[in-house]
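Trainee: Hi, have you got a few minutes to go through a model with me?
Mentor: Sure, put it up and ask away.

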Amino acid sequence: MNRRLFISLIVAVISLWGLALPIMAQQSTVAEGEAAIAPARGPTDVAELESFLDQLILQQLTDYHLAGATVAVVRDGKVLLTKGYGFADIDAGTFVDPEQTVFLIGSVGKLFTWTSVMQLAEQGKLDLDADINTYLDFRIPDTYPQPITLRDLLTHTAGFEDLYFEYLTLDPAELMPERDWLMTHIPARVRPPGEAASYSNYGTQLAGYIVAQVSGQPYEQYVQEHILDPLGMAHSTAQSPAPADLQLAVGYMTADGEFQKVPTFYGQSAMFPAGAHGSTAADMARFMLALLNNEDASVGDSTQGRILSAATAAQMQQTLYAPDSRLRGTAYGLFDLSENGIRTLGHDGDTLGFKTLMLLMPDEHLGVFLSYNGEEADALTRQHFGFQRAFFDHYYPASAIEPVQPAADFAAHANRFTGSYRMARRAHSSMEKYRSLNPEVVVSAPGDGTINIGTPWGDWRYVEVEPLYFRQVDGPSALIFREDSRGRITHLFMDLVPQFAFEKVKWYEMPGFNTGLMLACIFVFLSAIPVLAIRAVRNRRRDDNAGTQARRPRLATFTILLVCILNLLFVGGMVLWGEANLTPLFGVTPIFRAVLVLGVVSAALTVVALGFAVVAWKDRYWGVPGRAYYTLLTVTAVAFVWFLNFWNLLGWRF
């Protein structure tokens, strides 16, 4: 039997067994508690908590074909439970140890960056309201009168577009110094600061660089000395790759039902502050206690120092930005993920082979950390779904909600809200713009006085209770529409996802229009090959006898035929490279750079063909059907150039 398959079967058997009996091989650290009982309000009984997590997580490992997981729960200033499930390394047969096994925590690591910023602000070394250019040794362009501040970075409202170009590399020789990378990869500023939330890795990278500039220490050293060491987080790191003495879990993905290790890659050091951290469940328990600690007592035992003053710890839990006071917003780097009436601040993390979630409930003095070493766990760490939904439904069941009744006259103006909306988090200036072709949200009006919000995460119905302000029909969430000076709807804000704003999509940006345009172009270009080839063969002898006068029609035919062939080759290249989702995380390959050359050459020839089309009618190169067909080919080529230019695929925009 294949060894990987054998190990997979072991995982499945152990997981199923664990539903009835905790796995003996799993490591756990549990505070003393009494026998398991049904929870009254939140996790208070350790044995009951462990039983609940065993059943939930072990079933998830089976259902989602995951190698392992690690979890920590803290409450009232102490650790309730840390535990590991499944394998840290399948080949080595190593189980997850919550004290020793390091998981890559992705964007949850941003909280170390924001904590560092708040430490330096507390010391008076940073001003959250100052222009960030004050602290940089290069300059972010002054696109708008308003400067970008650290408050804008903390709330992801700086107004940057979203780019991924050259974030990663497979060759460590291609790694760049932080300053060089940040200077050469500045995203365009596409909206004024504070206008809308658009989750930004680059913004967090800038914050980490500012920490290094102001403290005089490399970012990873600062985090080590001012957060990890004081809290006794001996098995955590802000370095990438992680130090060799740490026991790093293997990240897995599933292919053909078997576990496969994720490929080795290297992140640019400039991106470390945005999510290159690694930690264990036990260490993250210490960090959660520090963030929750806004009392006078010191954090943890006597060996753990306080990393923030009580006032700063409390400040970080306050809402710093919301698009409207009636919506949930963003605290100091934490998002309001309140659930079932319990105020909840949290952050998820997504890096290849690892999925992570951290939730803090300040009023309950409760924190939960969870991480899986499997690519397929994405749905489990998604805010308001997966683990969070199961946890809250078990410990904080939702109270009954009286349905909101729609207004009788809503149908008269419902259509102004309908349409497609896409995340403001997208590329504007680079070829990555093509990734935003498909909108994430569709608003429809079923005619019953409500609107339906269709999203990748689910569908919900909302009722307008005030102008532009809607409440969920049978749930607690709300949303706001924003209009321009002419009363046209431009934005949608949902408190289910406070880190994202959504922009209304114009008709010519819709996937249906663009897909139809592309298919029509391909069909017309394909038709040109046989039609023009047949015409060329049929008219060859006659054109040869006509002398110089026939050369221009031949040249016109050759030009438009070459345009069609180049465009078809370009489409083929797009399809092949599209397997990478046109996301140049590792840069743009030489092959695709050559594909982009085809578009530029074709666009230049299209201009020539357009001139030939005018002359063809003037000098009557062919009969009317021939001229009409040539014009059709030329107009189609012009439409194709528009498509390439609009989606930043014309030229080398990266």
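Mentor: Let's talk through some strands, a helix pair and one loop residue.

Trainee: What am I looking at, and how is it numbered?
Mentor: This is a predicted model, where local features need pLDDT of at least 70, side-chain atom pairs count only at pLDDT 80 or more, and totals for chains, interfaces and linings use all residues. Residues are numbered from 1 along each chain as its sequence is written, and side-chain values use heavy atoms, with hydrogens and water left out.

Trainee: Cool. How many residues of strand 3 are buried?
Mentor: Ten of the twelve residues of strand 3 (residues 78-89) are buried, so strand 3 is largely enclosed by the rest of the structure. Strands here are DSSP E runs of at least two residues and helices are H or I runs of at least four, numbered from the N terminus. Buried means under 20% relative accessible area, exposed means over 50%, and partly exposed is in between, with a 1.4 Å probe and protein chains only.

Trainee: And which way does strand 2 pair with strand 3?
Mentor: Strand 2 (residues 68-75) pairs with strand 3 in the antiparallel sense, over eight bridges; pairing takes at least two DSSP bridges between two strands. Glycine 68 stands opposite glycine 86 in strand 3. Two residues lie between the strands of this hairpin, and aspartate 76 has a positive phi near 55 degrees.

Trainee: What about strand 4, how many bridges join strand 3 to it?
Mentor: Two, and strand 3 and strand 4 (residues 94-95) run antiparallel. Phenylalanine 87 has phenylalanine 95 in strand 4 as its bridge partner. That hairpin has four residues between the strands, with glycine 93 at a positive phi near 70 degrees.

Trainee: Switching topic: at what angle do helix 3 and helix 7 pack?
Mentor: About 75 degrees, with the axes of helix 3 (residues 110-122) and helix 7 (residues 219-228) 10 Å apart. Axes are lines fitted to C-alpha atoms, for helices over the stretch in contact, and angles run from 0 to 180 degrees between N-to-C directions.

Trainee: Which residues make the contact?
Mentor: Among them are Phe112 and Leu120 of helix 3, and Tyr222 and Ile227 of helix 7. Contact means heavy atoms within 4.5 Å.

Trainee: Last one: where is phenylalanine 265?
Mentor: Phenylalanine 265 sits in the loop between strand 9 (258-261) and strand 10 (266-267). This residue is partly exposed, with a relative accessible area of 26%. Leaving aside neighbours within four places in sequence, phenylalanine 265 contacts Leu168, Thr169, Leu170, Leu352 and Phe586.
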